[in-house]
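Visitor: Please take a close look at one part of this model, the contact between its chains, and then set that part in its surroundings. I would like one connected account rather than a list.

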Amino acid sequence: MSAVSEADLDRTVRLHVYERVVSDGFPPTVAGAARALGITEADAEASYRRLAAGKVIVLVPGGREILMANPFAARPTDFLVRANGRQWYGNCAWDALGILSALGADGSVTTACADCADPLEVTVRGGVPQGKAVLHIAVPAHHWWVDIVFT
Amino acid sequence: MLFFRSEDHVRRWCEARGREVGAVLSLDQAWRLADGWYRNKLRADWRRHTLEETEELLRSIGLVDAFWALR
């Protein structure tokens, strides 16, 4: 497969991954993506690995399936996002808000204070967030730049 | 990156773990950061932010101290 066609495939796979996340709540498996796109599992897996190498998605450590299609999580987390009558999970506080931004939708994030575990709900309506919450980032930006700046 | 009820809760959580407090963002700042970062993520023509674009995003939110330096 040439470099150009790999790039085309990766774009197609990326769009499919995000379409499925939005519609299903979770990203597709390698096998599911291969079936849906009419490609081999080997080609789908190779594309997932290239997208992961490019920090577009994150794969399960040691595996081939998606752990994160940022800002969406591939499994339930403490950051439940609801909008348009559907729900998703964010990888973290930042990503949970990012899901509502990516969707361009009014919605809510249901979570809890990491300190006291009291329930917290943040809503976004018309691009305006509301809720009694702050967000803490523990690691200075120059340390996480390499890992997440391109997500 | 976690949600807390208030900055007091952030401090208590960090103290209990022997960690220094990092950066505490207001909900408005957090939203603007997430919105600037992910707004185009589902678009077919999405591309990564450049270093310069990310620096401008942080500046626009007032995240300008050493904690937010990218280089």
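Guide: Two strands are said to pair if DSSP finds at least two bridges between them. In this model, which is predicted, strand β9 (residues 134-137) of chain A is joined to β2(B) by four bridges, and the two strands run antiparallel. Four bridges satisfy that criterion, so β9 of chain A and β2(B) count as paired. Within this pairing, the residue that stands opposite His136(A) is Val24(B) in β2(B).

The strand pairing belongs to a wider contact between the chains, in which 36 residues of chain A are in contact with 38 residues of chain B. On the chain B side, at least two residues each are supplied by β1 (2-4), α1 (7-16), β2 (23-26) and α2 (27-38). Of the side that touches chain A, the largest share comes from α2(B), with nine residues. Sorted by class, the residues on this side of chain B comprise 22 nonpolar, 10 charged and six polar.

Turning to the chain that carries β9, chain A has nine strands and five helices, and its elements follow the order α-α-α-β-β-β-β-β-α-β-β-β-β-α from the N terminus on. The C-alpha trace of chain A spans about 50 × 35 × 25 Å along its principal axes, and 37% of its 151 residues count as buried. If one takes the contacts in chain A between residues at least 6 apart in sequence, 33% of them join residues at least 24 apart.

In the helical part of chain A, α2(A) packs against helix α3 (residues 41-53) at an angle of about 115°, their axes being 8 Å apart, and the crossing of these two helices is right-handed. From α2(A) the contact draws on Val30(A), Ala31(A), Ala33(A), Ala34(A) and Leu37(A), while α3(A) contributes Glu41(A), Ala44(A), Glu45(A) and Tyr48(A). By class, this contact has seven nonpolar and two charged residues, and no polar ones. Thr29(A), in the loop between α1 (3-24) and α2 (30-37), lies 9.2 Å from Glu45(A), C-alpha to C-alpha, although the two are 16 residues apart in sequence. Thr29(A) counts as partly exposed because it has 17 C-beta neighbours inside 10 Å, a count between the limits of 12 or fewer for exposed and 20 or more for buried.

Several loops of chain A also deserve a careful look at their backbone geometry. As a background, most residues other than glycine have a negative phi, and most peptide bonds are trans. Against this, the peptide bond from Asn70(A) to Pro71(A) is cis, with omega near 10°, and Pro71(A) is found in the loop between β2 (66-69) and β3 (72-73) of chain A. Asn84(A), in the loop between β4 (80-83) and β5 (86-89) of chain A, has a positive phi near 55°; with 10 other C-beta atoms within 10 Å, Asn84(A) is exposed. Phi is positive for Ala117(A) too, near 70°, and this residue lies in the loop between β6 (107-112) and β7 (119-125) of chain A. Ala117(A) is exposed because 9 other C-beta atoms lie within 10 Å of its own.

Note on methods:
Residues numbered from 1 in each chain as written. Chains lettered and ligands numbered in written order. Predicted model: local features only at pLDDT ≥ 70, side-chain atom pairs only at ≥ 80, totals over all residues. Contact = placed C-beta atoms within 7 Å. Nonpolar A, V, L, I, M, F, W, Y, C, P; charged D, E, K, R; others polar. Axes fitted to C-alpha atoms, helices over the stretch in contact; angles between N-to-C directions. Left-handed = near helix turned anticlockwise from the far one by under 90°.
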